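Here is a short report on aromatic rings and the charges that sit over them. Look at the model first, then read on.

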Amino acid sequence: MALTINTNISSLIAQRSLNNATNAMNTSIERMTTGYKINHAKDNAAGYSIANSWETKLGSLDVAYDNAATGLDLLTTAEETYGLLVSHLQRVRDLTEQAANGTYGSQSLKAIQSEISARLNEVTRISANSEFNGIKLMAFDTEAKGDENADVGITKDGINIQVGLYSDANSRINLSIELFKNASVSGLFNTLKNSTTEKCGGEQVLSEMLDKATKAGSFTAKLNSVDGIETFASACCNLVYEAAAADGSTPANYTLQTADKHGAKEMLGFLDSAINDISSRVTKIGAVQNRVESAMTGLDVQSQNLTSSLSTLRDTDVAEESSTYIQQQILQQASATLLSTANQLPSIALNLV
């Protein structure tokens with residue numbers, strides 16, 4: 001090779017090697033300090049795109065898991081509230097069973113009626129106040145109009161829990177509206193029919209029977225109203241309820257029933273139907289809870305596997321990268337030493353002069 005002064009090829013070769021070693025060292029430092037082997041699109045264009053897509057899915061899986069957990073909390077709230085309602089209705093049934101015994105006078109029956117009335121009012125109060133995050137859990141009534149169906153946060157299709165990543169039906173779990181129907185006294189009893197006794201004349205709607213348990217002539221009051229609750233409780237105690245006069249001149253009155261067709265024995269069938277209705281709702285809630293828990297398990301597995309795949313694609317192998325770093329460090333030092341030597345080569349030309 002010719003000896004030249006203006007162009008030092010050896011120096012250029014050493015400079016290029018030095019730059020390459022320095023760049024490789026900087027890349028290794030970046031990968032070890034960030035923990036990622038893909039920090040820029042230039043590192044791995046396809047891998048960079050895939051990693052971003054997987055990160056998005058992982059975030060959505062976390063949200064879906066939280067959605068399922070929140071839905072499970074909602075179901076647990078409803079289940080425990082239904083448990084309170086059942087405990088009150090079971091006590092009402094016990095008192096009605098007691099009143100059905102012919103050994104009590106009107107005063108004793110009035111005492112029983114007072115507790116039944118209080119518990120029925122509590123059933124309505126609990127159902128009206130049962131909510132989760134502003135959603136009324138026991139107030140939906142497709143037949144009701146006006147205030148009985150006000151402030152209901154549930155549609156006729158129930159509630160959908162988003163437990164998947166997409167918009168299709170497989171990404172949702174539907175909570176049927178049957179789980180959240182009106183659970184007040186009116187909602188539970190208004191349309192119930194009793195076919196367990198021949199004295200009711202066969203199958204009979206509760207409101208029809210209560211027409212005969214009041215001196216108002218016909219049962220027109222809503223069951224959730226004061227007069228409605230009093231009439232209901234009176235029927236459970238073999239009493240006839242007479243509402244107070246509108247002007248207050250006549251107080252409410254309770255008298256023993258003379259007919260044995262619309263009293264405590266008949267009310268037992270209605271109470272059993274209401275308790276069975278709530279039990280059916282709770283059973284369905286338990287089944288849906290199992291579905292939601294299964295969805296949470298599936299989301300957990302999916303998230304774990306996707307995280308593992310993302311780690312394989314993106315995370316730095318520190319052992320491998322540290323070896324690369326040492327290798328490039330040695331090359332850098334060698335290149336720097338040889339560059340110093342190469343820079344001295346043109347000076348040999350002075351010895352020829």
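## A buried tyrosine and its partner

This is a predicted model. Tyr241 has a relative accessibility of 4%, so Tyr241 counts as buried. Tyr254 comes out at 21% and therefore counts as partly exposed. The cut-off for buried is under 20%.

## Two aromatic pairs

The count comes to two aromatic pairs. One of them joins Phe189 and Phe232. Their ring centres are 4.7 Å apart and their planes stand at 65°, so this pair is edge-to-face; planes over 60 degrees apart earn that label. Phe189 belongs to helix H4 (residues 185–189), and Phe232 to helix H6 (residues 226–236). The pair therefore ties together parts that are 43 residues apart in sequence. Phe189 is buried, at a relative accessible area of 0%. Phe232 is buried too, with 0% relative accessibility.

Tyr241 and Tyr254 also pair. Here the ring centres lie 5.4 Å apart with the planes at 45°, so the pair is tilted. Tyr241 is in strand S7 (residues 239–242). Tyr254 is in strand S8 (residues 253–256). The two are 13 residues apart, and their pair links distant parts of the chain.

## Charges over rings

Which charged end sits over the ring of Tyr254? That of Lys110 does, 4.5 Å from the ring centre. Tyr254 thus has a place in both topics: a tilted pair with Tyr241 and a charge over its ring.

Tyr36 has a charge over its ring as well. The charged end of Arg314 sits there, 4.2 Å from the centre.

Note on methods:
Residues numbered from 1 in each chain as written. Predicted model: local features only at pLDDT ≥ 70, side-chain atom pairs only at ≥ 80, totals over all residues. Heavy atoms only, no water. Phe/Tyr/Trp six-rings, centres within 6.5 Å; stacked < 30°, edge-to-face > 60°. Helix = DSSP H or I, 4+ residues; strand = E, 2+ residues; numbered from the N terminus. Buried < 20%, exposed > 50% of the residue type's maximum accessible area, 1.4 Å probe, protein only. Lys NZ or Arg CZ within 6 Å of the ring centre and 35° of its normal.
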